[in-house]
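Biologist: Please zoom in on one part of this model and take me through it, residue by residue. I'd like the geometry with its cut-offs, so I know what each word stands for.

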Amino acid sequence: MKKITTVALLATVLSGCGSDSSSTAPVKPPTKPVNPPTKPVNPPATPVKPKADYVFSPDKLDEVKRERQDIQDHAMALTYNGVRYDKIKFSEEVTDSEKLIRLTDNSGLKNVDLYLPGAVDNKNCIIYAESKILDKFNCDANIRSISNDTTFIATTTIDKNLSVSLEYNNDMSEYVTAIGNTILSEAKNGNKVTITTSFAFSYFYRDANPGVEMPSTLGASTYFQLSDIVNSNLGSKMTLKFNNFVGGSGDDGINMYTGLMINSNKMTTIVTSTGSVFSGGTDLFAAGNPRILQRSDTNKAIELNKQVGVHSWAEDGKTAKEFPYTNESHRKQATYFNKVMGDKGIDFYIFTLDSAPANGEHWMTKADSDKYDFITRIE
């Protein structure tokens with residue numbers, strides 16, 4: 001992507017020199033070139049850096065919010081034990097075919113987690129609440145009624161013999177796992193608000209796969225939670241603490257707006273001694289000022305603690321660097337980092353592209369951080 005085509009410069013030098021038998025002096029003195037060297041006809045085909053010229057506008061944000069809200073409100077509905085849960089709060093991609101979804105009722109007071117395997121996985125659906133499995137039901141392919149728009153399941157549960165139904169939009173369900181599953185909890189102390197992250201499905205994984213730490217992900221749920229906190233605490237001094245392993249974003253389109261909200265509200269961002277950030281999580285950490293790292297082990301170099309990680313991105317089977325820097329994705333990222341980090345933001349973004357492939361990871365060193373003025377304080 002960085003290949004630069006150079007154009008050879010052509011210059012023609014015409015000089016005349018005549019002599020006869022009686023004189024060695026030139027008849028015509030050398031003349032200046034008729035065509036002096038000129039500037040390259042064509043500039044380099046590929047810019048050295050992406051331009052920070054993307055416009056993050058309120059209209060674009062409103063469109064992004066409407067699309068994501070539509071998925072949360074209309075993608076899926078579960079009716080169990082007389083309660084209809086029809087809004088998605090959080091979601092998790094367990095595997096390519098398995099989903100974990102937290103649904104809430106209209107009041108927002110009752111929640112259940114739904115484990116939804118693929119139609120051919122030969123596994124039961126599970127209805128789960130904190131620390132206990134409420135029920136299970138058969139959701140194999142032969143029980144799913146599929147139309148062009150929706151899939152519908154109506155049956156009775158295995159454990160309690162209760163009626164249960166599940167309906168989901170076939171198209172929207174493909175995007176459900178991009179909603180994210182990072183909980184933002186707020187605590188107030190006078191004019192100070194501390195926002196702390198946690199993983200929505202920590203209890204489910206504790207019971208299903210104990211001892212395994214799963215990263216939480218970011219998406220529309222993160223944006224809407226933070227927006228509610230900001231709007232109810234205008235004028236307060238806010239600190240965002242990454243208190244668990246906050247991994248990547250399932251939806252960069254809205255994650256950058258989350259970061260811009262952090263930046264515009266002058267939040268402090270802290271990776272706590274129990275937390276870490278990676279990929280989209282690092283993007284949000286970057287939006288704070290100051291940016292503080294509390295080391296999990298003060299005797300280790302920061303990269304060995306694996307608390308601030310970066311990598312490149314890929315799209316449609318192509319790596320980031322296979323796209324020209326004029327591509328909109330590059331320009332959006334460059335604009336974002338320029339806004340939240342200032343002059344060194346674009347160079348930091350390029351560093352992330354070179355740090356590790358999209359399926360890899362690079363944990364930042366102190367030298368990395370110092371080069372881009374990234375972590376402003378290490379504790």
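Modeller: Here is a walk through one sheet, the cysteine link and ring pair attached to it, and the loops beyond.

This is a predicted model, so local features need pLDDT of at least 70 and side-chain atom pairs count only at pLDDT 80 or more, while totals for chains, interfaces and linings use all residues. Residues are numbered from 1 along each chain as its sequence is written, and side-chain values use heavy atoms, with hydrogens and water left out.

Let's start with the sheet. Five strands make it up, in the order S3-S4-S5-S6-S7, and it is an open sheet with antiparallel pairing. (Strands are DSSP E runs of at least two residues, helices H or I runs of at least four, both numbered from the N terminus; two strands pair if DSSP finds at least two bridges between them.) At the edges sit S3 (87–93) and S7, each pairing on one side only. Ignoring direction, neighbouring strands are turned by 20 degrees against each other on average, with axes being lines fitted to C-alpha atoms and angles running from 0 to 180 degrees between N-to-C directions.

On the S3 side, S3 and S4 (residues 99–104) pair in the antiparallel sense over six bridges. Glu 93 faces Lys 99 of S4 there.

Moving on to S6, you'll meet the disulfide, and the structure holds one of those. Cys 125 is joined to Cys 139, with S to S at 2.3 Å (the cut-off for a pair of cysteine sulfur atoms is within 2.5 Å). Cys 125 belongs to S6 (residues 125–129), whereas Cys 139 is in the loop between S7 (132–137) and S8 (145–146), and the two are 14 residues apart. The link is right-handed, with 110 degrees about the S-S bond. Are its two ends buried or exposed? Cys 125 is buried because its relative accessible area is 0%, and Cys 139 is buried too, at 1%. (Buried means under 20% relative accessible area, exposed over 50%, partly exposed in between, with a 1.4 Å probe and protein chains only.)

S5 brings in a ring. Out of 19 aromatic pairs in the structure, one is formed by Tyr 115 and Phe 204, and it is stacked: 6.5 Å centre to centre, 25 degrees between the planes. (Rings of Phe, Tyr and Trp, the last by its six-membered ring, pair with centres within 6.5 Å; under 30 degrees is stacked, over 60 edge-to-face, the rest tilted.) Tyr 115 lies in S5 (residues 111–116) and Phe 204 in helix H2 (residues 202–208), 89 residues apart. Both rings belong to buried residues.

H2 leads on to Met 214, in the loop between H2 and S13 (216–218). Met 214 counts as partly exposed because its relative accessibility is 27%. Leaving out residues up to four places away in sequence, Met 214 touches Glu 92, Phe 199, Tyr 205 and Phe 245 (contact means heavy atoms within 4.5 Å). Phe 245 is 31 residues away in sequence from Met 214, yet their C-alpha atoms are 7.4 Å apart.

One last stop is Asp 251, in the loop between S15 (245–249) and H4 (252–264). With a relative accessible area of 10%, Asp 251 is buried. Beyond its neighbours within four places, Asp 251 contacts Arg 68, Ala 178, Leu 218 and Gly 219.
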